[in-house]
Amino acid sequence: GGSFDDECDYLFKAVLIGDSAVGKSNLLSRFARDEFYLDSKPTIGVEFAYRNIKVGDKLIKAQIWDTAGQERFRAITSSYYRGALGALLVYDITRKGTFENLKKWLYELREFGNPDMVVVLVGNKSDLAQSREVSLEEGQSLAKLEGLFFLETSARENLNVEEAFLHMITKIHEVAS
Ligand code: GDP
Ligand code: MG
C-alpha cells in the first residue's frame, strides 16, 4: 500500500482565528500532537499542522492553519482564508476583550471566508474558572445568535479540544460531500 497521502479521500483546509494569546497555537498543538506549552511564543506569520481523521469510511486529512491575530499580518489575510472550509473562532474566557472582539473576527470571516464555511466558536482556558470574565451563557447566546456550534475548551487540561476540531471536520465533510 501507498502512504496515507495517496489513500486519503479528502484534504480539508481550516483556519484558527481570534485575538493574540487566546490559545490558538496550543489548541492546535494539543489536537495535532497532544502537546501543550505553558510559555508559548507568539506565532510569527503562518504555520500549519495536519491530522488524519477517519469519518465513516472516508479518510480525511485536515490541514489546520494558525497565525498571529495581529494587524501587522493583515497582508496575508486573504490568502489565509482562501480555500478554507472551516474555522475555529477562539476567545479567552478570562479576558472579556477577546470576546468583544469576536464581532471584528466575524466581520472578517464574512469578508474573506467562504460563505459555506463551518465556524465553531471556542471559549478557551476553561481551566481558569476563578478568573472567568465571560460566562458560559454569554458564549452560548452569541453562538445561537450567529448560528455557530459552541464549546468551552481547555488546551491545558485537554478538555473538549478533540470535540471542537472533530465537530468542525465532521461538519465540513457533511457540507462538502
Ligand atoms: P495564541 O496567541 O492564540 O496562539 O495563544 P497561545 O497558544 O500561544 O497561548 C497563549 C498563552 O496562553 C500561553 O502562555 C499558553 O500556555 C496559555 N494557554 C493556552 N491555552 C490555555 C488553556 O487552555 N489554559 C490555560 N490556563 N492557559 C492556556
Ligand atoms: Mg499562536
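**Exercise 1. Find the largest nonpolar core and say which elements build it.**

Start with the size: the largest nonpolar core holds 41 residues. A nonpolar core here is a set of buried Ala, Val, Leu, Ile, Met, Phe, Trp, Tyr and Cys residues joined through C-beta atoms within 7 Å. Buried means 20 or more other C-beta atoms within 10 Å of the residue's own, exposed means 12 or fewer, and partly exposed is in between, with C-beta atoms placed from the backbone.

Next, look for the hubs: Leu-88 and Leu-89 have the most contacts inside this core. Then go through the elements that give it two or more residues: strands E1 (10-17), E3 (58-67), E4 (86-92) and E5 (118-124), plus helices H2, H3 (77-81), H5 (102-112) and H7 (161-176). H7 gives the most, with 6 residues. Helices (H or I, at least four residues) and strands (E, at least two) are DSSP runs, numbered from the N terminus.

Finish with one hub up close. Leaving aside neighbours within four places in sequence, Leu-89 is in contact with Ile-17, Gly-18, Leu-102, Trp-105, Val-119, Val-120, Leu-121 and Val-122. Contact means that the two C-beta atoms, placed from the backbone, lie within 7 Å. As background, nonpolar side chains tend to be buried together in soluble globular proteins.

**Exercise 2. Decide how far to trust the model, and describe the chain as a whole.**

This is a predicted model: local features need pLDDT of at least 70, side-chain atom pairs count only at pLDDT 80 or more, and totals for chains, interfaces and linings use all residues. Residues are numbered from 1 along each chain as its sequence is written, while chains are lettered from A and ligands numbered from 1 in the order in which they are written.

Check the scores. The protein chain has a mean pLDDT of 90, and 92% of its residues reach 70 or more; pLDDT is the predictor's confidence in each residue, from 0 to 100. The model also scores ipTM 0.99 and pTM 0.93.

Now the layout: 7 helices and 6 strands, running α-β-α-β-β-α-β-α-α-β-α-β-α from the N terminus on. The C-alpha trace spans about 50 × 35 × 30 Å along its principal axes. As for burial, 36% of the 177 residues count as buried. Among contacts between residues at least 6 apart in sequence, 73% join residues at least 24 apart.

**Exercise 3. Work out what surrounds ligand 1.**

Count the shell: there are 20 residues around ligand 1, and Gly-23, Lys-24, Ser-25, Asn-26 and Arg-156 come nearest. A residue is near a molecule if its C-beta atom, placed from the backbone, lies within 6 Å of it.

Sort them by type, and you get 7 nonpolar, 8 polar and 5 charged. For this sorting, Ala, Val, Leu, Ile, Met, Phe, Trp, Tyr, Cys and Pro count as nonpolar, Asp, Glu, Lys and Arg as charged, and the others, Gly among them, as polar. By element, helix H2 (residues 24-33) supplies the largest share, 3 residues.

**Exercise 4. Place Lys-125 and Ile-93, then compare the phi of Lys-125 with the general trend.**

Lys-125 lies in the loop between E5 and helix H6 (136-146). Lys-125 counts as buried because 26 C-beta neighbours lie inside 10 Å. Not counting residues up to four places away in sequence, Lys-125 touches Gly-23, Asp-92, Ile-93, Thr-94 and Ser-154. Gly-23 also turned up among the residues nearest ligand 1.

Follow the contact to Ile-93, in the loop between E4 and helix H4 (96-100). Ile-93 is buried too, since 27 other C-beta atoms lie within 10 Å.

Last step, the backbone: phi of Lys-125 is near 75°, a positive value in a residue other than glycine. Most residues other than glycine have a negative phi.

**Exercise 5. Is Asn-160 buried or partly exposed, and where does it sit?**

Asn-160 is in the loop between strand E6 (149-152) and H7. With 19 C-beta neighbours inside 10 Å, Asn-160 counts as partly exposed. Its phi is near 65°, a positive value in a residue other than glycine.
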